[in-house]
Amino acid sequence: QVQLVESGGGLVQPGGSLRLSCTASGFTGTGYTFKDYAMNWYRQAPGKERDLVAGNSREGITVYIDSVRGRFTLSRDNAQNTAYLQMSILKPEDTAVYYCNIRRDGNQFWGRGTQVTVST
């Protein structure tokens, strides 16, 4: 069973930085590895829906929502089955639970999320 575990969240002041990690496991016997999946970061603020923040396709194309473009960077280390979300110039409105997600051919997997709080 494929599992995703996020880490790196925490409390940070406005203008600060955090790097989130998403480590995947459980690919044995599936016929696929981490590199075979599109990888996405989502976030869910209190009382709001879970929204896509950044996504990386299997072909290596990365997209960001407008509000984080230029501040957040998605990267992945397929050899380590790990993806990252480097977040800089953080704003209070970035406060949310951040989830990693991988998907392929209609199948998708989610992590349990990591809390990011941007506050003084």
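**View 1. R43 and Y98 meet through their side chains in this predicted model.** A polar contact of 2.9 Å joins the side chains of R43 and Y98. The side chain of R43 also makes a polar contact with the side chain of D94, again listed at 2.9 Å. R43 belongs to strand β4, which covers residues 38-44. With a relative accessible area of 12%, R43 falls under the 20% limit and so counts as buried. If you would like a distance to check along the chain, try N56: this residue is 13 residues from R43 in sequence, and the two C-alpha atoms are separated by 15 Å.

**View 2. Strand β4 runs antiparallel to β9.** The pairing of β4 and β9 extends over 7 bridges. One pair to pick out is Q44 and V97, where V97 is the bridge partner in β9. Strand β9 itself is mostly covered, with 7 of its 9 residues buried. As a reminder for reading the side chains here, those of a regular strand alternate between the two faces of the sheet.

**View 3. T95 sits in the loop that leads from β8 to β9.** The strands on either side of this loop are β8 (82-87) and β9 (96-104). Which backbone atoms lie 2.9 Å from a polar atom of the T95 side chain? One is the backbone oxygen of P92, and another is the backbone nitrogen of V118. Leaving aside residues up to four places away in sequence, T95 touches A45, Q115, V116, T117 and V118. V118 thus appears twice in this view, through its backbone nitrogen and in the list of residues that T95 touches.

**View 4. Strand β9 also pairs with β11 and with β10.** Strand β11, residues 114-118, is antiparallel to β9, and 3 bridges link the two. Among the residues to look for, A96 stands opposite V116 in β11. Strand β10, residues 107-110, is joined to β9 by 4 bridges, and this pair is antiparallel as well. Here R104 has N107 in β10 as its bridge partner. The hairpin of β9 and β10 has 2 residues between the strands, and D105 takes a positive phi near 50° there.

**View 5. A disulfide joins C22 to C100.** How many disulfides does the structure hold? The count is 1. The S to S distance between C22 and C100 is 2.2 Å, and the link is right-handed, with 65° about the S-S bond. C22 lies in strand β3 and C100 in strand β9, so the pair ties together parts that are 78 residues apart in sequence. Are these cysteines buried or exposed? C22 has a relative accessible area of 0% and is therefore buried; C100 is likewise buried at 0% relative accessibility.

**View 6. Strand β3 pairs with both β1 and β8.** Strand β1 (residues 3-7) and strand β3 (residues 18-25) are antiparallel, with 5 bridges between them. In this pairing, Q3 has S25 in β3 as its bridge partner. The pairing of β3 with β8 is antiparallel too, over 6 bridges. L18 finds its bridge partner in M87 of β8. While you are here, look again for C22, the β3 cysteine of the disulfide in the previous view.

Definitions and conventions:
Residues are numbered from 1 along each chain as its sequence is written. This is a predicted model: local features need pLDDT of at least 70, side-chain atom pairs count only at pLDDT 80 or more; totals for chains, interfaces and linings use all residues. Side-chain values use heavy atoms; hydrogens and water are left out. A polar contact is a pair of N or O atoms within 3.5 Å; within protein, one must be able to donate a hydrogen and the other to accept it, and residues adjacent in sequence count only if both atoms are side-chain atoms. Contact means heavy atoms within 4.5 Å. Buried means under 20% relative accessible area, exposed over 50%, partly exposed in between (1.4 Å probe, protein chains only). Two strands pair if DSSP finds at least two bridges between them. A disulfide is a pair of cysteine sulfur atoms within 2.5 Å.
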